[in-house]
Amino acid sequence: MARPRKPLLSRDRIVGCALALVDAEGLDAVSTRRLAAELGVSGPSLYHHFATKDAILDAAADAVCARVDLSMLGDGTPWREALLGWARSYRAALTAHPNIVPHLAKGPGRRPSQLRMANAVFGAMTDAGWSRAHATHIGALMRYFVAGSALGSFARGFVDDAALYARDYPHLDQAHLLSEQRQRVDEGAFETGLRALVDGLGVRFPGQEREPG
């Protein structure tokens, strides 16, 4: 029998299938048995590429982080603009795959893309004059904020029932309109918070940073 021109299985195929399952059904949908069935292979064949299910999820999470633009970190861009640009790209990557965020929230571990990102953020902050301690806190703060914003939609959490709010929650008399304006509300909230955080760092720690020049 002639050998197939392409391998039946590869790391990229496994990761792509796992991420598609996470997107569609959540983290609990991923198992080696389910992945093997989706890929049309035997379960043990997965272990030639990944030792455990967690290793597959790590690779899927890292594939999402690999899409984050880090170019503004370390290229001489002023730190405020660099943080803003990176955070927007980071959120865009996570909001495209919100179900993977809880796994990402465990921290970078040994994931190369997440480690590159942490290294780039820390380096950009220390190069801008922030102390190592402050740079660490800033990186953590930004990760908390971005990951939290990607976990779910604030606006989508309100039901389309004007009577509910008018009767018992008069200050929420327009809340029934939020879900249909989800993108505008959620992105507006993110931008408001992001700019407040970045501007607030300079106010809270005057003289702690320097702009490249």
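**Helix packing, a cavity and two annotated regions**

In this predicted model, helix H5 packs against helix H10 (residues 182-204) at an angle of about 150°, and the axes of H5 and H10 lie 10 Å apart.

Visitor: How are H5 and H10 oriented to each other, roughly parallel or roughly antiparallel?

Guide: The angle between H5 and H10 is about 150°, and angles over 145 degrees count as roughly antiparallel. The crossing of H5 and H10 is right-handed. The two helices, H5 and H10, are therefore roughly antiparallel.

Visitor: Which helices each supply at least two residues of the lining of the largest cavity?

Guide: The structure holds one cavity of 30 Å³ or more, and about 30 Å³ of space lies in the largest cavity. Its lining consists of Tyr-90, Leu-94, Val-101, Leu-104, Ala-105, Arg-143 and Ala-147. The helices that each supply at least two residues of this lining are H5 (79-95), H6 (101-104) and H8 (132-151).

Visitor: How many charged residues does the lining of the largest cavity have?

Guide: Arg-143 is among the residues that line the largest cavity, and Arg is counted as charged. By class, the lining has six nonpolar residues and no polar ones, and the number of charged residues is one.

Visitor: What is the helix percentage over residues 31-50?

Guide: UniProt, in an unreviewed entry, lists residues 31-50 as "DNA-binding region", and the same database places "domain: HTH tetR-type", also from an unreviewed entry, at residues 8-68. Over residues 8-68 the chain is 66% helix and 0% strand, with the end C-alpha atoms 29 Å apart. Over residues 31-50 the end C-alpha atoms are 12 Å apart, strand accounts for 0%, and the helix percentage is 60%.

Conventions: Residues numbered from 1 in each chain as written. Predicted model: local features only at pLDDT ≥ 70, side-chain atom pairs only at ≥ 80, totals over all residues. Heavy atoms only, no water. 1 Å grid on protein atoms, 1.4 Å probe; cavity = no way out; pocket = protein on both sides within 12 Å on 5 of 7 lines; lining within 4 Å. Points joined across faces, edges and corners; volume = space filled by probe spheres on them. Helix = DSSP H or I, 4+ residues; strand = E, 2+ residues; numbered from the N terminus. UniProt positions renumbered as here; feature names shortened; annotations may be inferred. Axes fitted to C-alpha atoms, helices over the stretch in contact; angles between N-to-C directions. Parallel < 35°, antiparallel > 145°, perpendicular 65-115°, else oblique. Left-handed = near helix turned anticlockwise from the far one by under 90°.
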